[in-house]
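Visitor: Could you take me closely through one part of this model, the place where its two chains meet, and then carry on into the sheet in the second chain?

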Amino acid sequence: MSIQKILLKFEPKPENLLGVLKEIQKENGYIGKKECEGAAGYFSLPLARVYSTASFFDQMKTKKESKKIIKICSGGPCLGEKSMEVARQIEMLLKIELENDARAKYKLELMSCAGLCDRGPIVMIDNQIFEKVKPETVDDILANYL
Amino acid sequence: MNILTRSWDKINPLDIGSYIRQRGYEALQKAIREMVPADVIKEIKISGLRGRGGAGFSTGEKWEMAAGQNSRSDLERARGATSNGKYFICNLDESEPGTYKDRTIAEKNPHQIIEGLLIGAYAIGAKKAYIYINGNYKKQAEILRIAVGQAREKEFLGRGILGSAIDIEVEIFEGAGAYICGEETALINSIEGKRGEPRLKPPFPPVSGLFGRPTIVNNAETLANIPYILRQGAKKYSQIGSSVSPGTKLFILSGAVKNKGAHEAPLGITPQELIFNSLYGGGLETGKEFWFAQIGGASGRLVPAGKLDQPLTYGNCEYPLGSGSVLVVDKNADLKDLLLSWAGFFHRESCGKCVPCREGTYRLWEIAKRLKNNDLPLTNCNNASERDININKNHKEGQLVRGEREKDRENIEDILWTLSRTTFCPLGKFASVAWNDAIKMFGKKIFDK
């Protein structure tokens, strides 16, 4: 869907801006300069205002992400369920290092609590959530979803 | 005593009929048909209900502040307030690590929240209400959307509620993943399409909030208590729990405890009872030994074994209740992992608006990484090789390594002092709480290595 089509689904009121940006993120994968300009024109807002919102939130990116991002929850309850062992296993399997950008294809990051503490440890690949991930089961997930 | 969880197992969250059969929406009908808004506010004030998000402000007093605000002033017009109305927002942006009480309510009984929201909107005279839900709670947002649709069909919301002249529109607003948006002014900014950064208070939202208009932001669990209070009477509610903060609370138990999950208990309960009573936590998992508990998520204080008998209330107590989550840590846990987890969380979630928090949480996270990896801090040497030589020398002499560590220790004290006293909003203070306790209680364990 083009940006124009997404924009026209919403009324140009400021409370719809976040919804529009989320939708663009979903369709386009990121919110670049072109997308920001489109939204700024439609909402009659300064470009800087739109960009400041787009660059603030975790679920939106202002640059194209070429790497697959794997996130793992670092919250206390997930730690108790051995989320760090799962992280070590992912590091080993993909030969990457936690929070290190060096590898071209994958990136392993820590994420903040997703409120699923009763189903931890939580692993997220491209916004898809995996619950109760064990070091023994993580290679299955990586094989199927990467 | 069950108020929130009373009929959870009898209710199908996707069917409004099952909620109505459990006396659902009776309180809303009573409010609209038999009470004027001032009566509703009075009733909530008498009940002594306090906000369940963590701060524990009196809900009735908050509503009264907003209800007293009249139509748009010239000053507001000059500031760009475009409407004449007031707003009521349900805060379901739950992102405190270890907390999922609001998610559970939304999953099990969404109408409970919606009914409370409608009563609140009626009481302050708001025509528009929002449910601001955490961007990660996609399924729960869908449940709420269905629930709002069913309530509209039954004329509980929308235009002309229950045949009266009252209009209240409810909209589900999904966040985009930011812990700080749980703070009410940051939440308001994010609905307005701005960065989710907190605003200077005062003016408080009940005076000037969303689009410059009087706005109430209440936690979802607070609102879930409202229908019960109106149905059963404020007197009855005020006798439950402790006298300073009546009612019950959803506690989330996690960590090394046997029965993990959401448990409803009267306020004033002690952590001892929560963790060890078979009604709630049921003690520790077999083979694990209690070390300490953290009350209120990553921003909560640490409670050692000797202090478990302090009651948990929203009054003046040593261990603030916060969001009501209890993380039980056993003696096998790695404290440095936890320190890194807390520091990393606040470093990621600091919004960057004020320097003490942005830099403080960043430096604390750096030190936490060093502690975890047993690295030494960088010295003041100008060139790297000189530094390496120094470090090598220090390693040999052992004594000096401790001196290097001491630098980190001093810096931590500085950072924690700054975080707890000088940041713009409470996030910085939250970041320092658990660290402060950990350094006080286990400083030796952390640094002597």
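**The contact and the sheet of chain B**

Guide: In this predicted model, the contact draws 27 residues from chain A and 38 residues from chain B. On the side of chain A that touches chain B, the helices α2 (17-28), α4 (47-54) and α5 (76-80) each supply at least two residues, and α5(A) gives the most, with four residues. Sorted by class, this side of chain A holds 14 nonpolar residues, together with nine polar and four charged ones.

Turning to chain B, one finds an open sheet of five strands, whose order is β6-β5-β9-β7-β8 and whose pairing is mixed. The edges of this sheet are formed by β6 (261-266) and β8 (301-304) of chain B, each of which pairs on one side only. With direction ignored, neighbouring strands of the sheet are turned against each other by 30 degrees on average.

As general background, the strands of a sheet pair through backbone hydrogen bonds, in either a parallel or an antiparallel way. Within this sheet, strand β5 (residues 248-255) of chain B pairs in the parallel sense with strand β9 (residues 325-330) of chain B, and four bridges join them. For a residue to look at in the viewer, Ser254(B) stands opposite Leu327(B), which belongs to β9(B).

Helix α17 (residues 426-447) of chain B, finally, lies across β7 (290-295) and β8 of chain B, and runs at about 35 degrees to β8(B), the latter being one of the edge strands described above.

Technical notes: Residues numbered from 1 in each chain as written. Chains lettered and ligands numbered in written order. Predicted model: local features only at pLDDT ≥ 70, side-chain atom pairs only at ≥ 80, totals over all residues. Contact = placed C-beta atoms within 7 Å. Nonpolar A, V, L, I, M, F, W, Y, C, P; charged D, E, K, R; others polar. Pairing = 2+ DSSP bridges. Axes fitted to C-alpha atoms, helices over the stretch in contact; angles between N-to-C directions.
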